[in-house]
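Here are a few exercises to work through with the coordinates open. Try each one yourself before you read the solution.

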Amino acid sequence: MEFKHTSVLLEECIENLNIKPDGVYVDGTLGGGGHASEICRRLSKDGLLIGIDRDRDALAASQLRLSGYPCKKLFVQTNYSDIRQVLQEFGIANIDGALLDLGVSSFQLDNSQRGFSYMHDAPLDMRMSQDDNFTAYDVVNSYDQKELRRIISGYGEEKWASRIASFIVNGRKDGPIETTGRLVELIKSAIPAKARREGPHPAKRTFQAIRIEVNDELGQLKDAISEFCDVLAPGGRLCVISFHSLEDRIVKETIAQRANPCTCPAEFPVCVCGKKADIDKITKKPILPSKEELEINPRSRSAKLRVCEKI
């Protein structure tokens, strides 16, 4: 399958990275290489791009796409949360910038056999790395009703989570739920008709929740943001695009804590804890897609970009 991906907030990311031609930059969620190609375009033969992704198909496609640029390139199949180990492996102390584009890529959504999309009937998979053993099938067929309700409510922010969990568990009595199509049927039957007619596709939030659970997308995010801040060189910038309110909250709070680590009580006239900020918040509020981008790429509608810089 051809790797297609419309890069979200592309110009805004490239502008905020302040790319130096001979710098070292990391795309921690390489995907189809859309953001990375614009980084490479600005690097000289002495510059280095490190592309990280869990998905080996994404890495293969991006290697091909980026092969024409003169800069040096390294491609690593791992989770972006392993950034410190990746840099140690290649003997790199610091980086000049990094980009994280969280969530699922357009390629993964459009490849119907990966099971990410509620628009195509496919096996219940949703793994970002094909080398993982745990799939959406396992979540849907082995989690009890309480656990299903917890993830659908917590990660999907779905108001009908209790009914959906109940319908899934009852649906399993007729045999395992094996396909996305069958899961969509159960979700639709759980949501009252009036509610189904309003807002996004009725399965959107539940699919999002299951995908986040399968790939532990929130589990390592906070630590990963801090790790990237640690390995930035002075003046280096981190750009993070999130698509989910829970992701954005983690990004926002982690950056805020690094930018203002003082733990002294508010009534203290001066800081005595000695904790000093090591990053600046570049964006006080998140950067949102322009009206033009929303028209071209509707998938960007929930995107938020936050940027910080190493002091």
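**Exercise 1.** Asp230 forms a salt bridge with Arg84. Find how far apart the closest N and O atoms are, then place both residues in the fold and see what else they link up with.

Solution. Keep in mind that you're working on a predicted model.
- Start with the distance: the closest N and O atoms of Asp230 and Arg84 are 2.8 Å apart.
- Next, the location: Asp230 sits in helix 12 (residues 221-231) and Arg84 in helix 4 (residues 83-89), so to speak a link between distant parts of the chain, 146 residues apart.
- Now the accessibility. Buried ends at 20% and exposed begins over 50%, so Asp230 at 32% is partly exposed. Arg84, with 31%, is partly exposed too.
- Finally, widen the view: Arg84 and Asp230 belong to a network of salt bridges that also takes in Glu227, Arg258 and Asp278.

**Exercise 2.** Take the salt bridge between Arg114 and Asp55. Are its two residues buried or exposed?

Solution.
- The closest N and O atoms of this pair are 2.9 Å apart.
- Arg114 is in the loop between helix 5 and helix 6, while Asp55 is in the loop between strand 2 (48-53) and helix 3 (56-66); that puts them 59 residues apart.
- Both Arg114 and Asp55 turn out to be buried.
- For the overall tally, the structure holds 20 salt bridges.

**Exercise 3.** Work out the geometry of the aromatic pair made by Tyr118 and Phe207. Which parts of the chain does the pair tie together?

Solution.
- You need two numbers, because a pair of aromatic rings is described by the distance of the centres and the angle of the planes.
- For Tyr118 and Phe207 these are 5.7 Å centre to centre and 90° between the planes, which is edge-to-face.
- Tyr118 lies in the loop between helix 5 (106-110) and helix 6 (136-142), and Phe207 in helix 11 (residues 204-215), so the pair ties together parts 89 residues apart in sequence.
- Phe207 is buried at 2% relative accessible area, whereas Tyr118 is partly exposed at 24%.

**Exercise 4.** Describe the surroundings of Ser37.

Solution.
- Ser37 is part of helix 2 (residues 34-41).
- With a relative accessible area of 5%, Ser37 is buried.
- Its side chain reaches the backbone oxygen of Gly34 at 2.9 Å.
- Setting aside neighbours within four places in sequence, Ser37 is in contact with Arg65, Leu66 and Tyr69.

Note on methods: Residues are numbered from 1 along each chain as its sequence is written. This is a predicted model: local features need pLDDT of at least 70, side-chain atom pairs count only at pLDDT 80 or more; totals for chains, interfaces and linings use all residues. Side-chain values use heavy atoms; hydrogens and water are left out. Rings of Phe, Tyr and Trp (its six-membered ring) pair if their centres lie within 6.5 Å; planes under 30 degrees apart count as stacked, over 60 as edge-to-face and the rest as tilted. Helices (H or I, at least four residues) and strands (E, at least two) are DSSP runs, numbered from the N terminus. Buried means under 20% relative accessible area, exposed over 50%, partly exposed in between (1.4 Å probe, protein chains only). A polar contact is a pair of N or O atoms within 3.5 Å; within protein, one must be able to donate a hydrogen and the other to accept it, and residues adjacent in sequence count only if both atoms are side-chain atoms. Contact means heavy atoms within 4.5 Å. A salt bridge is a side-chain nitrogen of Lys or Arg within 4 Å of a carboxyl oxygen of Asp or Glu.
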